[in-house]
Amino acid sequence: MGEAQERTGRRLAAVPPVSPAGGPRPSVTAVAPAKINLHLAVGDARADGYHELVTVYRALDLWEEVTVGFAPEGDDDEVTVSGPGADQVPTDRTNLAARAVDLLRDEAGVDRPVSIGIVKGVPVAGGMAGGSADAAAALVATDRLLGLGLTRSELEERAGRLGSDIPFCVRGGTALGTGRGEELATLLHARAEQFVVVATARGGLSTPAVYAELDRLRAEAAGSGGREQPRVGAVEPLVEALAGDAPAVVAALLGNDLQAAALSLRPELRRTLRAGEEAGALHGMVSGSGPTCLFFCASHDDAIAVATELSGAGVAREVRVARGPVGGARVLDSRDS
């Protein structure tokens, strides 16, 4: 541990859990957004098992809500989950929100039992970082609960210890991600509103399985002398286009290297993509590792029309209209509820 971290650790451990009024704070609720990848270029597997990524993240207004509170002395920690797909979310110590709470509780030297309540608003196992958003919201809520006073950059540093997408869910907006996705550079110029139809599939896809399938497809093509799966190419044209307000130009530059692997594992997603584009979307693609499909539209009215067509086509479990960019994880004040 470096000198700066040691100083931070001593400072955190010295701060007791308080409320703004100075009394005990029973619980804090925070929210964090879904993420999508407007550009996802996947390199080869690294020695640590991760893949080198170049991605453009965008936060959408689909929210995970996490409440962290102190439980009565003598009780065990508890994780509860509600909302769509709740039965697919672990409630043991592998839960990312629980790991986020543990990280800050251990750092602060606080051993009081906690309760963690998660309300799902992001598709589970849908390639939109619902679990990462849980962790981001839990970090922000626990920081406030324990009175730690961490800066946004300090929260992002801790988020990076937990997972690749979590720092972005803390930050929000639109950002360029490199490394395994955790190294962020905010794209301040990318502020034009974007409307996206989100079509969730029946059942999920494992992110590790999708990466493994991409590796298999690439190795198979190389071994047979066949043509390799196409790659999305350079990110710079998209970054430049995001400075403007031309949805069709942006849509033409979107891409996801994981799409081929997701379609290999779930071929029926081709029908969903075709239906959305035939309904009038500017561009359709698999979200991250899938199986959620995204349809980028020129306006809110166009998005409503595409969503209506997709709902009637029966090619998705659920269809929602979302917009971005939105901000990152934040505590809900009483006036927000």
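User: What makes the pair Glu157 and Arg158 a salt bridge?

Analyst: In this predicted model, the closest N and O atoms of Glu157 and Arg158 are 3.4 Å apart. A salt bridge needs a side-chain nitrogen of Lys or Arg within 4 Å of a carboxyl oxygen of Asp or Glu. The value of 3.4 Å meets that cut-off, so the pair counts as a salt bridge.

User: Why is Arg158 called buried, and why is Glu157 called partly exposed?

Analyst: Arg158 has a relative accessible area of 5%. Buried means under 20%, so Arg158 is buried. Glu157 stands at 36% relative accessibility. Partly exposed covers what lies between the 20% and 50% limits, so Glu157 belongs there.

User: How do you know that Glu107 and Arg158 meet in a salt bridge?

Analyst: The N to O distance for Glu107 and Arg158 is 2.7 Å. That is within 4 Å, so the side chains form a salt bridge. This pair links distant parts of the chain, with Glu107 in helix α2 (residues 96–108) and Arg158 in helix α4 (residues 152–162), 51 residues apart. Glu107 is partly exposed, because its relative accessibility is 21% and buried would require under 20%.

User: Why can such side chains pair at all?

Analyst: Side chains of opposite charge can pair when their charged atoms come close. The structure holds 22 salt bridges.

User: What makes Arg93 and Asp102 a salt bridge, and which residues are linked with them in a network?

Analyst: The closest N and O atoms of Arg93 and Asp102 are 2.6 Å apart. That distance is within 4 Å, so the pair qualifies. The network of salt bridges links Asp77, Arg93, Asp102 and Arg105.

User: Are Arg93 and Asp102 buried or partly exposed?

Analyst: Asp102 has 19% relative accessibility, which is under 20%, so Asp102 counts as buried. Arg93 has 36%, which lies between the limits of 20% and 50%, so Arg93 counts as partly exposed.

User: What makes the backbone at Ala125 and Ala129 worth listing?

Analyst: Phi of Ala125 is near 50°, a positive value in a residue other than glycine. Ala129 is not a glycine either, and has a positive phi of about 65°. Ala125 is found in the loop between β4 (114–119) and α3 (130–146), and Ala129 lies in the loop between β4 and α3.

User: Why is Ala129 called buried and Ala125 partly exposed?

Analyst: Ala129 has a relative accessible area of 13%, under the 20% limit, so Ala129 is buried. Ala125 is at 34%, between 20% and 50%, so Ala125 is partly exposed.

User: Which peptide bonds are cis, from Gly290 and from Gly324, and where do the prolines lie?

Analyst: The bond from Gly290 to Pro291 is cis, with omega near 5°. Pro291 is in the loop between β9 (283–286) and β10 (293–297). The bond from Gly324 to Pro325 is also cis, with omega near 5°. Pro325 is found in the loop between β11 (318–324) and β12 (330–331).

User: Which residues touch the most other members of the largest nonpolar core?

Analyst: Val66, Ile116, Ile118, Ala136, Leu139 and Ile166 do, out of 42 residues in that core. The largest share of this core, 10 residues, comes from α3.

User: Which residues does Ile166 touch?

Analyst: Not counting residues up to four places away in sequence, Ile166 touches Leu96, Ser132, Ala135, Ala136, Leu139 and Ala159. A second, separate core of 31 residues includes Phe195, Ala199, Ala262 and Leu269.

Terms used
Residues numbered from 1 in each chain as written. Predicted model: local features only at pLDDT ≥ 70, side-chain atom pairs only at ≥ 80, totals over all residues. Heavy atoms only, no water. Buried < 20%, exposed > 50% of the residue type's maximum accessible area, 1.4 Å probe, protein only. Helix = DSSP H or I, 4+ residues; strand = E, 2+ residues; numbered from the N terminus. Core = buried A, V, L, I, M, F, W, Y, C linked by side-chain atoms within 4.5 Å. Contact = heavy atoms within 4.5 Å.
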